[in-house]
Structure formats: structure tokens, C-alpha cells
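This report goes through one structure part by part. Please keep the sequence and the 3D view at hand while reading.

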Amino acid sequence: VQLQASGGGLVQAGGSLGLSCAASGIMFSRSRAGWYRQTPGQQRELVASITTGRYLDYAESARGRFTISRDDVKNMVYLQMNSLKPEDTAVYYCNTWTRYNNYWGQGTQVTVSS
């Protein structure tokens, strides 16, 4: 099982970044998927999630600025982040889960400068 996240980087406030996560070794189309983020000393928090039926859920801080999507043919989950703010700076992790398992990617750093 592997979740490979990519797309992080450094961006100025107000800019955009797109994160991608490639899943392998799992029944991705049967898994919920999501993006979490974590800053030093803080708990990992949910940013956005998408179910197999494409139901979307966003943290209040992400709603209206971030968009999560998935491609079950390519086994990919994406997070498009617009209007980024310095407080969005964090390590972002992709996650997939079912009632039987829960998998995490390695994390990708997003840094938003003011």
C-alpha cells in the first residue's frame, strides 16, 4: 500500500497550489479519501474529504477556497488550494479509509509567505 503525495511548495499569500496523491495497492474506488494538515505542536486536522459517492466535506477554514476531487480510474485524489493564507502553512497528508483500514501518505510541505 502506498499513498504518494506531491505538489507542495512555497507560495505567496493569495496564490494557489495543487496537491496530488497517487494511491496504489488498495481498492481506491471503494475508499473515502481526504486531505489533512498538521503544524508543529498541533493535532492533525481534516481539511477536506470526499466519499466514494463524491460527497464533499470541508473544514470551515478551507470552504470556498479549497476543492477536493478524485479520479478513480487513475487512483488519485487532488486538493486545489486557492487564495492561500499564511495560516494554511502546514504539512499536508493524504488519507484513504474504509471501515477496515486507514492509510496515510508521507506528507508534503505547504508554506505560504505573507
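What follows covers the sheet, the nonpolar core, one buried serine, the aromatic rings and two loop residues. The model is predicted.

**The four-strand sheet**

Four strands make up an open sheet with the order β1-β3-β8-β7, and their pairing is antiparallel. β1 and β7 stand at the edges with a single partner strand each, so one side of each has no neighbour in the sheet. On average, neighbouring strands of this sheet are turned by 15° against each other, direction ignored.

The pairing of β1 with β3 is antiparallel and runs over five bridges. Within β3, Ser20 is the residue that Ser6 stands opposite.

**The nonpolar core**

The largest nonpolar core contains 27 residues. Trp35, Val77, Leu79, Met81 and Tyr92 are those with the most contacts inside this core. Two or more residues each come from β1 (2-6), β3 (17-24), β4 (32-38), β5 (45-50), β7 (66-71), β8 (76-81), β9 (90-97) and β11 (108-113). The element that gives the most is β3, with four residues.

Leu79 is a useful place to look at this core in detail. Leu79 belongs to strand β8. Its relative accessibility is 1%, and Leu79 therefore counts as buried, the limit being under 20%. Leaving aside neighbours within four places in sequence, Leu79 is in contact with Leu17, Gly18 and Leu19, with Trp35, and with Val47 and Ala48. Phe66, Thr67, Ile68 and Tyr92 are also in contact with Leu79 when those neighbours are left aside. For Leu79 and Tyr92, which are 13 residues apart along the chain, the C-alpha atoms are separated by 9.9 Å.

**A buried serine**

Ser49 is part of strand β5. Is Ser49 buried or exposed? With a relative accessibility of 3%, Ser49 counts as buried. Not counting neighbours within four places in sequence, Ser49 has contacts with Arg32, Ala33 and Gly34, with Tyr55, Leu56 and Asp57, and with Ile68 and Trp97.

**Aromatic rings**

How many aromatic pairs are there? The count comes to two. Their geometry is set out in the table.

| Aromatic pair | Centre to centre | Angle between the planes | Type |
|---|---|---|---|
| Tyr36 and Trp104 | 4.9 Å | 65° | edge-to-face |
| Tyr93 and Trp104 | 6.5 Å | 85° | edge-to-face |

Tyr36 and Trp104 are 68 residues apart, and their pair links distant parts of the chain: Tyr36 is in strand β4, and Trp104 is in strand β10 (residues 102-104). Tyr93 is in strand β9 and Trp104 in strand β10, so this pair ties together parts 11 residues apart in sequence. One aromatic cluster is formed by Tyr36, Tyr93 and Trp104.

The accessibility of each ring residue in the cluster can be given in turn. Tyr36 counts as buried, at 18% relative accessibility. Tyr93 is buried too, with a relative accessible area of 15%. Trp104 has a relative accessible area of 36% and is partly exposed.

Two arginines sit over rings. Arg44 lies over the face of Tyr93, at 3.6 Å from the ring centre. Over the ring of Phe28 sits the charged end of Arg70, at 4.6 Å from the centre of that ring.

**Loop residues with positive phi**

Asn75 is located in the loop between β7 and β8. Its phi is near 55°, a positive value in a residue other than glycine. Asn75 counts as partly exposed, at 22% relative accessibility.

The loop between β8 and β9 holds Ser83. Phi of Ser83 is also positive, near 50°, and this residue is again other than glycine. With 41% relative accessibility, Ser83 counts as partly exposed.

**Summary**

Leu79, in β8, is one of the residues with the most contacts inside the largest nonpolar core, and β8 is also part of the open four-strand sheet. Tyr93 pairs with Trp104, and Arg44 lies over the face of Tyr93.

Conventions. Residues are numbered from 1 along each chain as its sequence is written. This is a predicted model: local features need pLDDT of at least 70, side-chain atom pairs count only at pLDDT 80 or more; totals for chains, interfaces and linings use all residues. Side-chain values use heavy atoms; hydrogens and water are left out. A nonpolar core is a set of buried Ala, Val, Leu, Ile, Met, Phe, Trp, Tyr and Cys residues joined through side-chain atoms within 4.5 Å. Buried means under 20% relative accessible area, exposed over 50%, partly exposed in between (1.4 Å probe, protein chains only). Contact means heavy atoms within 4.5 Å. Rings of Phe, Tyr and Trp (its six-membered ring) pair if their centres lie within 6.5 Å; planes under 30 degrees apart count as stacked, over 60 as edge-to-face and the rest as tilted. A charge sits over a ring if NZ of Lys or CZ of Arg is within 6 Å of the ring centre and within 35 degrees of the ring normal. Two strands pair if DSSP finds at least two bridges between them. Axes are lines fitted to C-alpha atoms, for helices over the stretch in contact, and angles run from 0 to 180 degrees between N-to-C directions.
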